[in-house]
Amino acid sequence: MYIVQIASECAPVIKAGGLGDVVYGLSRELEIQGHCVELILPKYDCMRYDHIWGLHEAYADLKVPWYGSVIYCTVHCGWVHGRLCFFIEPHSSENYFHRGVYYGAPDDPMRFAFFSKAALEFLQQSNKCPDVLHCHDWQTGLIPVMLYEMYQYHGLEFQRVCYTIHNFKHQGQTGYNVLEAIGLNRPDYYFHPDRLQDPFNPFALNLMKGGIVYSNYVTTVSPHHAWEARHTEIGCGLGHTLHMHQHKFSGVLNGIDYGFWDPEGDCYIPFPYSHDDFKSKARNKKALRKQLGLQDEEDKPIIAFIGRLDQQKGVHLVHHAIYYSLHHRAQFVLLGSATEAAINAQFWHEKNFLSGNPDCHLEISFNEELAHLIYAAADMVLVPSNYEPCGLTQIIGLKYGTVPVVRGVGGLVNTVFDRDYDADKKPEERNGYVFYQSDLPAMESAIARGVGLWYDYPKEFRKLAMQGMEYDYSWRNPATEYVEIYEGIRHQSEPAEPAE
Ligand code: ADP
């Protein structure tokens, strides 16, 4: 099959979070399984150009109709660790992708509506004929809408769309002017509860809802999150739409790319190790302590948090976990970055307050290399999320023999099985600690169980960590599931029609 992934991120060249990892890892595995995969991405000024090989101009004058006029784009082509990527660069005064950030501009819906339109124009004008377009999150939600309503009559009649939702929180709510810009001219038709009308604001368009309604198949990133999105407030208003389209909706658990996340071949860690050579993990712990200036005289468990500092990630619990760990004979390492100013200020305040503490380091930045070393060095990785569509940190932690301590929500339920309480798993299949309530005592008790085992039964702790390493959360199985979905939709006779 010929598959084109269209997304706003692809790791490691454009990565703000798990979306980038998924787009890269899934593409790589699909190629390993014999499919042809290409990616279409925005050409941001701030992406990691050092991860692109052979970047060159592939298409000089892509004309993208916009507000009844035209914006010219250059399409650049290059390889990101073996994946063939096309980067779209518009030439207009709006400078859509020259903002120094990937997201967070007030005109984000317009920026990504433009990207979506440009991606379809590129496919059409370059005569590409993929079987499947795989689109991701609200940024590309307009692609199936435009494909059905417009581009199927202009040369793209054979393409079918799989649409994956990575985070229901961000849905791309916007106004009428987006329709005007992309050339869909019947606002009454689109501002309809069965199409793109926002569930909460009748005067807003919802781009993610458009993606759900118009795609041939819709997934989210874990089976438990698929259930939550339909049946609880986690769907952020889209539960009803998912319910109406349940015949084409399911959860496919994300994998991680074991070519990139593998303690045996990880070029960012000084002492590679494996399940059979687990004791070398301790040498990375020493290396991390040295790098961060943590005390190494008395051996203590290191508890780590790696992730966006955002309400989603349970920042109030992260904050408490730092002090709880320090008061209970553990060290704490945090690597995170915040887009919200108040959260950023709060963690900078903590960082300054704890700066002389020999058992604690807070690194407030995005640092891929350091993340690898922390996964390798820590004993436990904490994921206390309020909600978590899939979560990659616990999956990476498992691969690195770093015991996850997680809140039982979303994909964390599908991947972490409590050592003491998971009745559905045999003791030798359990791999971490799970708590369910979002209050402080619930998390404290899970951390206490982990720290207690580390001190009192170190062999048992090691066994638990090594049991986690045995899980296969590579892309092999999820990619096979996606191929089945693609096979199912490519034989559908036309693009998905919105329900009346
Ligand atoms: P989300 O997509 O919600 O941000 P995930 O758990 O799905 O969360 O994916 C997070 C990914 O981003 C992981 O690969 C994690 O290691 C990485 N990551 C998050 N924050 C940082 C950071 N500050 N520095 C380096 N890597 C980070």
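A residue is called buried here if 20 or more other C-beta atoms lie within 10 Å of its own. With that cut-off in hand, the tour may begin; note that the model is predicted.

**Stop 1: strand β13**

Select residues 331-337, which form β13. This strand is mostly covered, with 6 of its 7 residues buried. Next, add β12, residues 302-308. The two strands run parallel and are joined by 7 bridges. To see one such position, display Ile302, which stands opposite Gln331 of β13.

**Stop 2: from β12 to β15 and β16**

Keep β12 visible and select strand β15, residues 380-383. β12 and β15 pair in the parallel sense, over 2 bridges. Here Ile303 is the residue that stands opposite Met380 in β15.

Show the side chains of β15. Met380 and Leu382 point one way from the strand, whereas Val381 and Val383 point the other way; all are buried.

Now extend the selection to strand β16, residues 403-407. β15 and β16 run parallel and are joined by 4 bridges. The bridge partner of Val381 in β16 is Pro404.

**Stop 3: Leu362**

Move to strand β14, residues 360-364, and pick out Leu362 within it. Is Leu362 buried or exposed? Leu362 is buried, because 22 other C-beta atoms lie within 10 Å. Leaving aside residues up to four places away in sequence, Leu362 touches Leu334, Phe347, Glu350, Lys351 and Leu354. For a sense of distance, select Phe168 as well: Leu362 and Phe168 are 194 residues apart in sequence, and their C-alpha atoms are 29 Å apart in space.

**Stop 4: the two domains**

Zoom out and colour the protein by its division into domain 1 (2-256 + 477-490) and domain 2 (275-472). The centres of the two domains, taken over C-alpha atoms, are separated by 32 Å. The contact takes 19 residues from domain 1 and 15 residues from domain 2.

Which elements each supply at least two residues of the side of domain 1 that touches domain 2? They are α1 and α7 (223-231). The largest share of that side, 4 residues, comes from α7. By class, the residues of this side of domain 1 divide into 6 nonpolar, 10 polar and 3 charged.

Stay on α7 and display its buried residues: His224, His225, Ala226, Glu228, Ala229 and Arg230. The elements that cover the buried residues of α7 include β10 (217-220), α8 (239-244), β11 (249-251) and α14 (410-415).

The UniProt record may be laid over this view. In an unreviewed entry, UniProt places the feature "domain: Starch synthase catalytic" at residues 3-243. Over residues 3-243 the chain is 31% helix and 27% strand, and the end C-alpha atoms are 27 Å apart. For "domain: Glycosyl transferase family", also from an unreviewed entry, UniProt lists residues 297-443. That span, residues 297-443, is 36% helix and 21% strand, with its end C-alpha atoms 28 Å apart.

**Stop 5: the shell around the ligand**

Centre the view on the ligand, which 19 residues surround. The closest are Gly17, Gly18, Phe366, Ala371 and Leu392. Two or more residues of the shell come from each of α1 (18-32), β12, β13, α12 (368-377) and α13 (393-399). With the domain colours still on, note that the shell draws at least three residues from each of domain 1 and domain 2. By class, the shell has 8 nonpolar, 8 polar and 3 charged residues.

**Stop 6: backbone details**

Most residues other than glycine have a negative phi, and most peptide bonds are trans. Three places in this model merit a look in that light.

Select Ala11 and Pro12: the peptide bond from Ala11 to Pro12 is cis, with omega near -5 degrees. Pro12 lies in the loop between β1 (2-6) and α1.

Next, select His81, in the loop between β4 (69-80) and β5 (83-91). His81 has a positive phi of about 45 degrees, although it is not a glycine. His81 counts as partly exposed because it has 17 C-beta neighbours inside 10 Å.

Finally, select Asp137, in the loop between β6 (132-136) and α3 (142-149). Asp137 is not a glycine, yet has a positive phi of about 60 degrees. With 24 C-beta neighbours inside 10 Å, Asp137 counts as buried.

Methods:
Residues are numbered from 1 along each chain as its sequence is written. This is a predicted model: local features need pLDDT of at least 70, side-chain atom pairs count only at pLDDT 80 or more; totals for chains, interfaces and linings use all residues. UniProt positions are given in the numbering used here, feature names are shortened, and annotations may be inferred rather than shown by experiment. A residue is near a molecule or strand if its C-beta atom, placed from the backbone, lies within 6 Å of it. Ala, Val, Leu, Ile, Met, Phe, Trp, Tyr, Cys and Pro count as nonpolar, Asp, Glu, Lys and Arg as charged, and the others, Gly among them, as polar. Domain bounds come from an automatic or database domain assignment. Two residues are in contact if their C-beta atoms, placed from the backbone, lie within 7 Å. A residue is buried if 20 or more other C-beta atoms lie within 10 Å of its own, exposed if 12 or fewer, and partly exposed in between; C-beta atoms are placed from the backbone. Two strands pair if DSSP finds at least two bridges between them.
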